[in-house]
Amino acid sequence: MDSVRTYENKKRGVLLLIALAVITGILVDAMAGGSEQWQRVAIRLPLILTGSGSGWPITGGFALNIMLSIASMAVATALGIVLALATLSRSAFVRIPSLALMNFLRNSPWLVLLFAMLYIIPFEVHVFGLSVPFPPFVKAVIGLALPTGANLSEVIRGAVQSIHSGQWEAARSLGYTTTQIYRYVILPQAFRRMIPGWMNLYALLMIATALATVTGIQDVLTILNTSLAMESERAIVYFYITILFLFFAYCYPIAVFARRLERAVKGDNL
Amino acid sequence: MLGLDFSWLGDATYQQWLLVGVTNTIELAAISSVAAVIIGMLGALALTLRIFWLEAIVELFVEFFRNTPPLLQMLFAYFTLSTLGLKVTDPATGLSVPLLSAFACAAISLSLFGGALAIEAFRSGIETMPRAIIEAARSLGYSRWSRFWRVEAPIATRICLPALTNILTNLFKTTSQASVITVPELMYYAGQIYNDNLRTLEVMLLILVIYVALVSVITFAMARLERWMAFPGYGTGR
Amino acid sequence: MNRSNALIEIDDIRKSFGIFEVLKGISLTVGKGEAVCIIGPSGSGKSTILRCINGLMPIDSGSIRVGDHRVHELTSEKAMRPLRHQVAMVFQQYNLFPHRTALENIMMAPIQVLGHDKREVEERARKLLKKVRLSEKADSYPGQLSGGQQQRVAIARALAMQPDIILFDEVTAALDPETVKEVLFTIRELVEEGLTCMLVTHEMKFAREVSHRVCFTDHGRIVESAPPAEFFDNPQDARLREFLGQVL
């Protein structure tokens with residue numbers, strides 16, 4: 001299909017043109033006095049990225065957002081698997097409460113949940129004479145992992161339920177137990193189908209880490225706010241553009257990759 | 001166990017604040033939802049035209065709003081629209097005041113965010129239209145427009161409904177972030193209340209429950225709509 | 001037959017999908033009132049011929065004339081509308097519109113495309129439903145009908161356009177053996193009434209009883225074309241003999 005290829009090429013050309021226009025716009029603006037503002041941004045860039053003015057050690061900034069997203073995703077994955085299996089359980093005592101919990105978490109705004117976790121989780125917990133502290137970072141991890149985990153459990157449920165019922169019957173007739181069917185038949189097939197959803201959720205979680213600023217950790221927005229107090233009104237716009245670009249540059253490739261996988265997985269629908 | 005104390009709920013001032021907060025939240029969500037659906041339809045329609053430069057622009061718009069935090073979008077809109085540009089001089093006081101309120105900035109930014117999600121949802125809805133149905137419409141001699149309005153749109157609408165539910169609930173939940181730019185919605189009043197009575201945990205729990213209840217209403221209503229609109233004989237249809 | 005008064009005249013058409021050439025020079029004429037069956041192994045280009053005739057697929061070279069329309073010269077959907085008024089098509093997967101009842105499916109295009117009067121169209125649609133013996137299903141939605149019933153509604157929908165020609169694209173291939181009969185019965189009636197039909201089918205017995213002429217396609221060419229008795233009893237081509245040996 002040659003016409004399709006030329007169409008895509010033309011479209012890519014326009015996107016390139018827009019990118020060039022943006023760069024020229026920035027350059028023209030820089031020459032018209034914007035370079036002073038960009039210098040302000042450049043000076044603060046190490047701080048914005050790593051939380052320390054010299055760029056090392058990493059104590060916060062955008063790097064902290066990335067660490068927060070990774071830690072949160074790990075917790076969310078564990079939570080999502082447990083919750084998904086619980087909602088797929090044949091026992092109503094397990095299934096109904098876990099469905100209720102899943103829907104509650106899915107229907108609550110991330111920001112409000114994060115705030116609630118901030119106050120529900122104590123500052124530290126005493127167990128057997130040991131005091132386990134809960135710093136704001138841990139609270140942020142949990143606060144973001146809860147809704148992500150609930151959404152992930154829905155993704156896993158969908159993937160498991162999309163496996164044709166014939167697979168269950170075939171495995172049962174071969175004498176597998178329920179656990180074995182999940183382990184050897186269903187999950188290996190469902191796994192492929194849940195990867196794109198998992199990646200999309202990760203991108204969503206990364207975007208939501210911007211909210212973690214309310215817990216008081218030194219994430220990119222907290223640092224931005226403290227920096228902006230010392231900057232002129234005009235410079236603020238430049239700072240915002242920089243941060244928006246950081247998030248876009250991190251999340252967009254993930255979204256593209258997830259979409260490509262999704263298309264690849266769509267083919268093997270039995 | 002936690003020693004929760006909700007006696008402050010009897011205070012008329014707090015009740016008033018909560019009521020105003022809920023009203024503003026619903027208003028903000030309703031305005032941006034309607035705008036988002038309109039943007040979504042226009043964008044998806046633009047994509048069906050297969051004009052390469054238009055498609056490039058629409059895709060760029062979608063990807064930008066999908067891959068940056070809505071909170072930052074809102075802050076950016078607030079600073080650029082309200083603090084920097086678009087100011088009018090108040091004739092009474094002679095002071096220059098922003099033309100757009102925080103509420104307006106939040107509504108604009110949420111509409112664009114929701115619109116980007118809606119374009120994507122509607123586009124994939126049109127894409128998953130069975131090709132055979134389109135072929136049947138063509139063989140009956142429908143023109144491009146007539147085919148879109150009479151055959152593709154009614155079917156795609158039903159395919160898109162579940163995704164639309166997600167967008168509407170997502171948008172409703174995201175309105176809570178408008179509190180950061182001082183829009184007096186529910187989350188904002190939550191802060192006002194606990195700053196006043198210092199019952200942070202109780203206030204946040206109550207707010208959480210209110211949000212979940214409101215979002216559940218949307219989910220429930222959309223599920224009803226989906227059942228009502230389903231094709232008889234297919235899936236959930238009668 | 002005299003070529004100039006043929007209703008459909010196809011001359012040396014070629015069509016490729018990428019590097020795969022589906023039609024390698026097909027020529028065929030169909031006269032008014034004639035019923036022509038096309039049979040052949042899957043992938044031999046049978047359905048593609050039908051799709052080219054009503055412009056659903058553009059051809060690479062050659063010419064197609066349907067009545068006064070020179071199909072290969074029509075470039076836009078709009079230009080093809082008069083052609084599609086004259087040529088209706090019925091599909092393997094029925095392709096009814098799921099959001100409209102059976103009656104509405106039949107009425108939609110005549111009202112929306114041809115701009116006919118609604119009352120007149122409803123009367124026509126009810127007659128057609130009666131003709132396909134589905135009067136009692138007028139208000140059912142496609143999802144509530146069996147495959148055979150959906151296919152008969154699809155035939156009625158095609159007839160409602162008052163076409164001169166109907167193309168049937170493997171219309172019984174997706175149906176249960178019992179329901180195949182009711183659909184074939186309907187088609188047979190149409191042929192007997194003198195409607196020009198082109199059928200791509202796997203029903204050999206039906207092709208033999210109903211059609212005036214049978215064509216065998218293989219690897220993008222029409223290998224043999226003859227009246228049914230001759231075609232089935234005395235096949236000339238070796239590939240056709242092999243094919244008939246497999247399916248009969």
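In this predicted model, 35 residues of chain A are in contact with 42 residues of chain B. Together the two chains bury about 3,900 Å², and carbon and sulfur atoms account for 77% of that area. On the chain A side, Tyr7(A), Asn107(A) and Leu244(A) stand out: they supply 17% of the area that chain A buries against chain B, more than any other three residues.

Charged and polar pairs also span this interface. Three salt bridges are found between chain A and chain B. In one of these, Glu63(B) is paired with Arg259(A), with the closest N and O atoms 2.9 Å apart. Seven residue pairs are in polar contact across the interface, both residues being at pLDDT 80 or more. Four helices of chain A, namely H1 (2-50), H3 (92-107), H4 (110-120) and H9 (233-266), each supply at least two residues of the side that touches chain B. The largest share comes from H9(A), with 13 residues. By residue class, the side of chain A that touches chain B comprises 28 nonpolar, two polar and five charged residues.

Turning to chain C, an open sheet of four strands follows the order S2-S1-S4-S5, with antiparallel pairing. Strands S2 (20-30) and S5 (69-70) of chain C stand at the edges with a single partner strand each, so one side of each has no neighbour in the sheet. S1(C), covering residues 8-17, runs antiparallel to S2(C) and is joined to it by eight bridges. Within this pairing, Lys15(C) stands opposite Leu23(C) of S2(C). Helix H1 of chain C (residues 46-53) packs on the sheet, where it touches S1, S2 and S4 (61-66) of chain C, and its direction makes about 115° with that of S1(C).

Chain C meets chain B as well, through a contact that takes 24 residues from chain C and 22 residues from chain B. About 2,200 Å² is buried between these two chains, 61% of it on carbon and sulfur atoms. Phe97(C), Pro98(C) and His99(C) lose the most area to chain B in chain C, together 25% of what that side buries. One salt bridge is counted between chain C and chain B; the side chains of Glu135(B) and Arg51(C) meet in a salt bridge with an N to O distance of 2.8 Å. Eight residue pairs are in polar contact here, again with both residues at pLDDT 80 or more. Helix H2 (81-86), strand S6 (87-90) and helix H3 (102-112) of chain C are the elements that give two or more residues to the side touching chain B, and H3(C) gives the most, with three residues. That side of chain C divides into twelve nonpolar, seven polar and five charged residues.

Note on methods: Residues numbered from 1 in each chain as written. Chains lettered and ligands numbered in written order. Predicted model: local features only at pLDDT ≥ 70, side-chain atom pairs only at ≥ 80, totals over all residues. Heavy atoms only, no water. Contact = heavy atoms within 4.5 Å. Buried area = accessible area lost by both parts, 1.4 Å probe. Salt bridge = Lys/Arg side-chain N within 4 Å of Asp/Glu carboxyl O. Polar contact = N/O pair within 3.5 Å; in protein donor to acceptor, adjacent residues only side chain to side chain. Nonpolar A, V, L, I, M, F, W, Y, C, P; charged D, E, K, R; others polar. Pairing = 2+ DSSP bridges. Axes fitted to C-alpha atoms, helices over the stretch in contact; angles between N-to-C directions.
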